[in-house]
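User: I would like to go through this structure and ask what justifies the labels that are put on its parts.

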Amino acid sequence: MFKILGNAFKVKDLRKRIFFTLFIVIVFRLGNFIPVPGVNTESLKQLTSTGLFGFYDLISGGALERFSIFALGVVPYINSSIIVQLLSMSIPKFEQLSKEGEEGRKKLQNITRYLSIVLSFIQAYGSYFLILNAGAITNNSIFSMIFVVFTLVAASVFLVWIGDQVSLHGIGNGVSLFIFVNIVSRFPNMFLQIGALNK
């Protein structure tokens, strides 16, 4: 195992890809700890402790509980990808694009990205009202809403962009890597909770 890793680091291009991927993962994890200003995160702990929001918090690496700038994560992009794939099987125009090779694939990717921005706005707007109902908004004004929504959307778009950079210049698929890192990052906390229950 260590011999394989050692050999991988001897190859210059592969070494650069590994370090680039590690750098992006560090940036990604740091972003999960930058809270959106004006949000009282203490009010969100009960909301994310169980049920659907607890699962969403798991795949967001705790970003929802902290309501960090990466609270939306890459979920809008994933939803957009699923929608475009379904459309390419049911709508002739999209089906034709999927059969046009590299050029058609690029067009579908662009459609996916634009649709993910639209979905980001919808999900950010919904997230704002979710935390508003949980009593986590300290300043309930139109400017506060606009600030929170645009912060979440911009961060989500940024994540998709750096995910693409990992796919191009790093190792593996960037979006899939972010989901994996988020889930793995919750393991220590889960083990601590399991240990506390067994006492």
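The exchange below takes up the overall make-up, the salt bridges, one helix and a surface patch.

Analyst: This is a predicted model, in which local features need pLDDT of at least 70 and side-chain atom pairs count only at pLDDT 80 or more, while totals for chains, interfaces and linings use all residues. Residues are numbered from 1 along each chain as its sequence is written, and side-chain values use heavy atoms, with hydrogens and water left out.

User: How many helices and how many strands does the protein have?

Analyst: The protein has 10 helices and zero strands, where helices (H or I, at least four residues) and strands (E, at least two) are DSSP runs numbered from the N terminus. Of its 199 residues, 36% count as buried.

User: What makes Asp 13 and Arg 17 a salt bridge?

Analyst: The term requires a side-chain nitrogen of Lys or Arg within 4 Å of a carboxyl oxygen of Asp or Glu, and the closest N and O atoms of Asp 13 and Arg 17 are 3.5 Å apart, so the pair qualifies. Both residues lie in helix α2 (residues 12–31), four residues apart, about one turn of the helix. In general, an α-helix has 3.6 residues a turn, so residues three or four places apart point the same way.

User: Is Asp 13 buried, partly exposed or exposed, and why?

Analyst: Buried means under 20% relative accessible area, exposed over 50%, and partly exposed in between (1.4 Å probe, protein chains only). Asp 13 has a relative accessible area of 48%, and therefore counts as partly exposed; Arg 17, at 25%, is likewise partly exposed.

User: How do you know that Asp 164 forms a salt bridge with Arg 113, and which parts of the chain does the pair link?

Analyst: The closest N and O atoms of Asp 164 and Arg 113 are 3.0 Å apart, so the pair meets the rule. The pair links distant parts of the chain, with Asp 164 in helix α8 and Arg 113 in helix α7, 51 residues apart. Asp 164 is called buried because its relative accessible area is 18%, whereas Arg 113 is partly exposed at 28%. By this rule the count comes to two salt bridges.

User: What is the reach of α7 set against its expected span?

Analyst: The expected span of a helix is 1.5 Å times one less than its number of residues. Helix α7 has 33 residues and reaches 47 Å from its first C-alpha to its last, close to the 48 Å expected. Its buried residues include Gly 104, Leu 108, Tyr 128 and Ile 131, and what covers the buried residues includes α5 (75–90), α6 (92–98) and α8. Just after α7, Gly 135 takes a positive phi of about 75°.

User: Why is Ser 144 called buried?

Analyst: Ser 144 lies in helix α8, and its relative accessibility is 13%, so it counts as buried. Leaving aside neighbours within four places in sequence, Ser 144 is in contact (heavy atoms within 4.5 Å) with Tyr 128, Ile 137 and Asn 139.

User: Which residues form the nonpolar patch on the surface, and what makes Phe 121 eligible for it?

Analyst: The patch is formed by Phe 121, Ile 142, Phe 143, Ile 146 and Phe 150, with about 520 Å² of accessible area together, as given by the Shrake-Rupley method with a 1.4 Å probe, for which only the protein chains shown count as cover. Patches are made of residues with over 30% relative accessible area and no salt bridge, like charges being joined within 9 Å and nonpolar side chains (Val, Leu, Ile, Met, Phe, Trp, Tyr) within 5 Å. Phe 121 has 32% relative accessibility, so it passes the area cut-off while counting as partly exposed. Phe 121 is in helix α7 (residues 101–133), whereas the largest share of the patch, four residues, comes from helix α8 (residues 142–169).
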